[in-house]
Amino acid sequence: MKILVIGSGGREHALAWKLAQSPRVKKVYVAPGNGGTATSPHLHNLPLTDIERLADFCVAEDIHFTVVGPEAPLAAGIVDHFRMRRLRIFGPTRGAAQLESSKAFAKEFMQRHAIPTAAHRTFSDPAPAHAYIAERNCALVVKADGLAAGKGVVVASTPEQAHAAVDDMLERNAYGVQHGAQGARVVIEDFLEGEEASFIVLVDGRNVLALASSQDHKRLRDGDQGPNTGGMGAYSPAPVVTPEVHARVMREIILPTVQGMAADGHPYTGFLYAGLMIDRQGHARTLEFNCRLGDPETQPILMRLKSDLVQVLDAAIDSRLDTLELQWDRRTALAVVMAAPGYPEAPRLGGAIDGIPEPAEDLQVFHAGTRLEDGVLRTSGGRVLAVTALGDSLRMAQQRAYVGVRQIRYDGMQFRQDIGWRALKR
């Protein structure tokens, strides 16, 4: 069979890599793909992004199913369009994808369905937003309402930082947010103390199947310092998600979300990602929802997945997730993201990349912001590579990953040297 993966990042490279391992697969196309998918013998880049042309391609090539990686095509309604043309696709509809495409929608949804989250308010006018910040006078998180490629969030430890974030988002659109029909809005919420974790599940409209837990590192620099990014590294499993926490999250967050979306007229299918803050008592509150796999969480999660992903997604598309049980490698996986110079504010692109290690059973380098130009691999995005390793312990996976990182060379490369530090402290 032939499979199509939509997207061009590290998540899509990992998805395509895993799907290509299935004995049932003849070809995996990646649209539009990147330098890593271009150089893989098992993957084929497809230079298309238009939804109608992608659907035409699926018809012409008899594509067995399509899986959508990034959020933008979901928010644009690619799933609705493919279903209208009777094409098999895994992802949420445009209505359901509002859980990610609108922070305000997600907050109102959580409030309506009693899903644990931070206290919050939504604003479109700067004046009342500034008044609210002055009234709260505490650490806050300011979020742009719309798609911002993981960058439209400011953790403000002081009121001055929160005021500046509101001006950046409402008046200057400094983060390049794709606003919804209601224009520029911000969600201002209380800062939550605790440890973050990524809780990702597959949903087929009725049934839910949880993936392995993971933890992302959002800040640019070691020790969780510096600006927020799309993610500088991740590992799986996350020790903070104990069996008790897992059961509580399923009971209090995931199942009520799936049931609530159905009750609201938006039955959910696809990957559902709940970004969690877990306190010392093991209580989880929802920071955000994403309607897709996380990046870079996908890379370590799929390194550990032993089940045939084609079989899993087939069952999800056919509403048969209740017939499956996923098999996992007992080892830990850890991914270190290597970024371009100037990332995240103003990445400088085009540098030649050299020294990428050969794939091994315990090491894979997934490409994100790369392109192949006249046979030379070059940087083309803020996050360039995710060096992902398996190890019998978190420490061993970390050491293996950094051995791979230190083989790679390009001008101005930056990466954190402490991925996994929270779990190593436990």
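In this predicted model, Asp-318 is partly exposed, with a relative accessible area of 36%. Its side chain forms a salt bridge with Arg-88, and the closest N and O atoms of the two are 2.8 Å apart. Asp-318 lies in the loop between helix H12 (309-317) and strand S18 (332-339), whereas Arg-88 lies in the loop between helix H5 (78-84) and strand S5 (89-90), so the salt bridge ties together parts that are 230 residues apart in sequence. Arg-88 also counts as partly exposed, at 25% relative accessibility. Both residues belong to a network of salt bridges that links Arg-24, Arg-88, Asp-314, Asp-318 and Arg-320.

The count of salt bridges comes to 27. Another of them joins Arg-409 to Asp-354, with the closest N and O atoms 3.0 Å apart. This pair, too, links distant parts of the chain: Arg-409 is in the loop between helix H13 (394-405) and helix H14 (421-425), Asp-354 is in the loop between S18 and strand S19 (363-367), and the two are 55 residues apart. Arg-409 is partly exposed, with a relative accessible area of 45%, and Asp-354 is partly exposed at 47%. A further salt bridge is formed by the side chains of Lys-218 and Asp-216, at 3.2 Å from N to O. Are these two partners buried or exposed? Lys-218 is partly exposed, with a relative accessible area of 24%, whereas Asp-216 is buried, with a value of 14%. The line between these two descriptions is drawn at 20%, since buried means under 20% relative accessible area.

Strand S18, mentioned above, leads to the next feature. It takes part in an open sheet of 5 strands, which follow the order S12-S15-S18-S22-S19 with antiparallel pairing. Strand S12 (215-216) and S19 are the edge strands, each pairing on one side only. Within the sheet, S18 and strand S22 (residues 383-391) pair in the antiparallel sense over 8 bridges. One position in this arrangement can be located exactly: Leu-334 stands opposite Ala-389 in S22.

The interior comes next. Which residues touch the most other members of the largest nonpolar core? In this core of 50 residues, they are Leu-4, Leu-54, Ile-78, Phe-82, Leu-99, Ile-253 and Ile-254. Helix H10 (residues 243-263) supplies the largest share of the core, with 7 residues. Apart from this core lies another, of 35 residues, which includes Ile-3, Ala-14, Phe-65 and Leu-305. The surroundings of Phe-82 can be described in detail: when residues up to four places away in sequence are not counted, Phe-82 touches Ile-51, Leu-54, Ala-55, Cys-58, Thr-66, Leu-87 and Ile-89.

Two helices show how secondary structure can be covered. In helix H1 (residues 10-19), 10 of the 10 residues are buried. The buried residues of H1 include Arg-11, Glu-12, His-13 and Lys-18, together with others such as Ala-14 and Trp-17. Helix H7 (residues 103-112) is largely enclosed by the rest of the structure, because 7 of its 10 residues are buried. These buried residues are Lys-103, Ala-104, Phe-105, Ala-106, Lys-107, Phe-109 and Met-110. What covers them? The cover includes helix H6 (98-101), strand S6 (120-123), strand S7 (140-144), strand S9 (186-190), H10 and strand S17 (284-290). Just after H7, Ala-114 takes a positive phi of about 55°.

Helix H1 also has a link to helix H11 (residues 298-304), where Thr-298 is placed. Thr-298 is buried, with a relative accessible area of 1%. Leaving aside neighbours within four places in sequence, Thr-298 is in contact with Arg-11, Ala-14 and Leu-293; Arg-11 and Ala-14 are among the buried residues of H1. A polar atom of the side chain of Thr-298 lies 2.4 Å from the backbone oxygen of Gly-294.

The cysteines complete this description. How many disulfides does a search of the whole structure find? The search finds 0. Two of the cysteines illustrate contrasting surroundings: Cys-138 is partly exposed, with a relative accessible area of 29%, while Cys-291 is buried, with a relative accessible area of 2%.

Note on methods: Residues are numbered from 1 along each chain as its sequence is written. This is a predicted model: local features need pLDDT of at least 70, side-chain atom pairs count only at pLDDT 80 or more; totals for chains, interfaces and linings use all residues. Side-chain values use heavy atoms; hydrogens and water are left out. A nonpolar core is a set of buried Ala, Val, Leu, Ile, Met, Phe, Trp, Tyr and Cys residues joined through side-chain atoms within 4.5 Å. Buried means under 20% relative accessible area, exposed over 50%, partly exposed in between (1.4 Å probe, protein chains only). Helices (H or I, at least four residues) and strands (E, at least two) are DSSP runs, numbered from the N terminus. Contact means heavy atoms within 4.5 Å. A disulfide is a pair of cysteine sulfur atoms within 2.5 Å. A polar contact is a pair of N or O atoms within 3.5 Å; within protein, one must be able to donate a hydrogen and the other to accept it, and residues adjacent in sequence count only if both atoms are side-chain atoms. A salt bridge is a side-chain nitrogen of Lys or Arg within 4 Å of a carboxyl oxygen of Asp or Glu. Two strands pair if DSSP finds at least two bridges between them.
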